[in-house]
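Happy to walk through this one with you. Have a look at the fold, and we can take the helices and the sheet in turn.

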Amino acid sequence: MWRFGILTFLTIVLAGCSFITIDDPQPKEEEQNEPYTEPEQLINETPKIEINEVEEGFIEEQTNLQGFIEAVLHLDWRTRKNSDAEPIQYMAFGDSLTRGIGDESKRYGYTNRLVEVLERWPAIKQVELDNRGKNGRRSDQLLKLLESGHYDEELPYVDFMTMTLGGNDIMKIVKADLFSLNKEMFDKERISFEARYRNIVAEIRARNSDAPLLLIGFYNPVSIITDEYTPFETIIDEWNDVIAQIATEDVNACFVPISDLFETNEGMVYHTDFFHPNASGYEQMTGRIIDYMELCDIEEMSAGRIGIEE
């Protein structure tokens, strides 16, 4: 039995419960700022400058040139779209990481941030996001939904997918036998997790055979709770290796590792529950996803529909 200490384990379990108890973030109405009005006294006291016609013409010409340069340098990204840019359908599967729990900026985690980046790419006209992430979701639950045909109507028309799974499968073991944990329990469950994960990918591919699929790994939240070495480091690595291996077996899938982003809280990446990412953590996740989209050649995977090059 592991000697983490009772208090440490209770902290872990309480943190794990936050997968299902934190409310979904809801966007707040933006504050309306009062329009700025120049004080009357300042207007009246502003000196008037007399210039002759030659100077006036020169200044007008310079102003027009400067405006043109600024217009070119700050050209709106929509005007840089390829002539054949197309809209894409993006479906996100997974748990609270996909749902965006912990994001105090109310931007729904990495999914909305990813949409914002993708919509700046020349080959993409716009992105329609269908976020199916749910707090506390495990691999067995997602597999059941897929097998029951829950996503059959949408999946054939999806152009791009992401998925986060694994954290709640781990926490189910922790909470089921809190005081008698041993690594063999996680090793045994990892075999079942691998079978379920493979079936999930197979069910997705049965309905959509070629859309790029990003399989995002998960991290070890225990590292932020205690400075002690725990077997969780090895366990998380081994479970992530399962996801990475499955990704290599699908020509249009890509594994995105994120565990190193959350090894410490030096970059202030954790929400106050010490389990989920905060806005900064989701920003880093998004950056990592973009990096791996390029490394995995998302443009080739998507037959050019998701082109990165300017």
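Q: Is the crossing of helix 6 and helix 8 left-handed or right-handed?
A: In this predicted model, helix 6 covers residues 139–147 and helix 8 covers residues 183–207. Their axes lie 9 Å apart. The crossing of this pair is left-handed.

Q: Do helix 6 and helix 8 count as roughly parallel or roughly antiparallel?
A: The two helices pack at an angle of about 30°. Angles under 35 degrees count as roughly parallel. Therefore helix 6, relative to helix 8, is roughly parallel.

Q: How many charged residues are there in the contact of helix 6 with helix 8?
A: Helix 6 brings residues including Asp140, Leu143 and Glu147 to the contact. From helix 8 come Arg196, Glu203 and Arg207, among others. The contact residues divide into 6 nonpolar and 2 polar, and the number of charged ones is 5.

Q: Which strands stand at the edges of the sheet?
A: The open sheet has 5 strands in the order 2-1-3-4-5, with parallel pairing. An edge strand here has a single partner strand, so one side of it is left without a neighbour in the sheet. From one strand to the next, the twist averages 20°. The strands at the edges are strand 2 (124–131) and strand 5 (253–256).

Q: Which residue of strand 2 stands opposite tyrosine 90?
A: Strand 1 spans residues 86–94. It runs parallel to strand 2, and 6 bridges join the two. Opposite tyrosine 90, in strand 2, stands leucine 129.

Q: What is the bridge partner of phenylalanine 93 in strand 3?
A: Strand 3 (residues 160–164) runs parallel to strand 1, with 5 bridges joining them. One of the bridge partners in strand 3 is phenylalanine 160, paired with tyrosine 90. For phenylalanine 93, the partner in strand 3 is methionine 163.

Q: What angle does the direction of helix 10 make with that of strand 5?
A: Let's start with helix 8, which lies across strand 1, strand 3, strand 4 (213–216) and strand 5. Helix 8 runs at about 160° to strand 3. Helix 10 (residues 232–248) also packs on the sheet, where it touches strand 4 and strand 5. Its direction makes an angle with that of strand 5 of about 155°.

Notes:
Residues numbered from 1 in each chain as written. Predicted model: local features only at pLDDT ≥ 70, side-chain atom pairs only at ≥ 80, totals over all residues. Heavy atoms only, no water. Pairing = 2+ DSSP bridges. Helix = DSSP H or I, 4+ residues; strand = E, 2+ residues; numbered from the N terminus. Axes fitted to C-alpha atoms, helices over the stretch in contact; angles between N-to-C directions. Contact = heavy atoms within 4.5 Å. Parallel < 35°, antiparallel > 145°, perpendicular 65-115°, else oblique. Left-handed = near helix turned anticlockwise from the far one by under 90°. Nonpolar A, V, L, I, M, F, W, Y, C, P; charged D, E, K, R; others polar.
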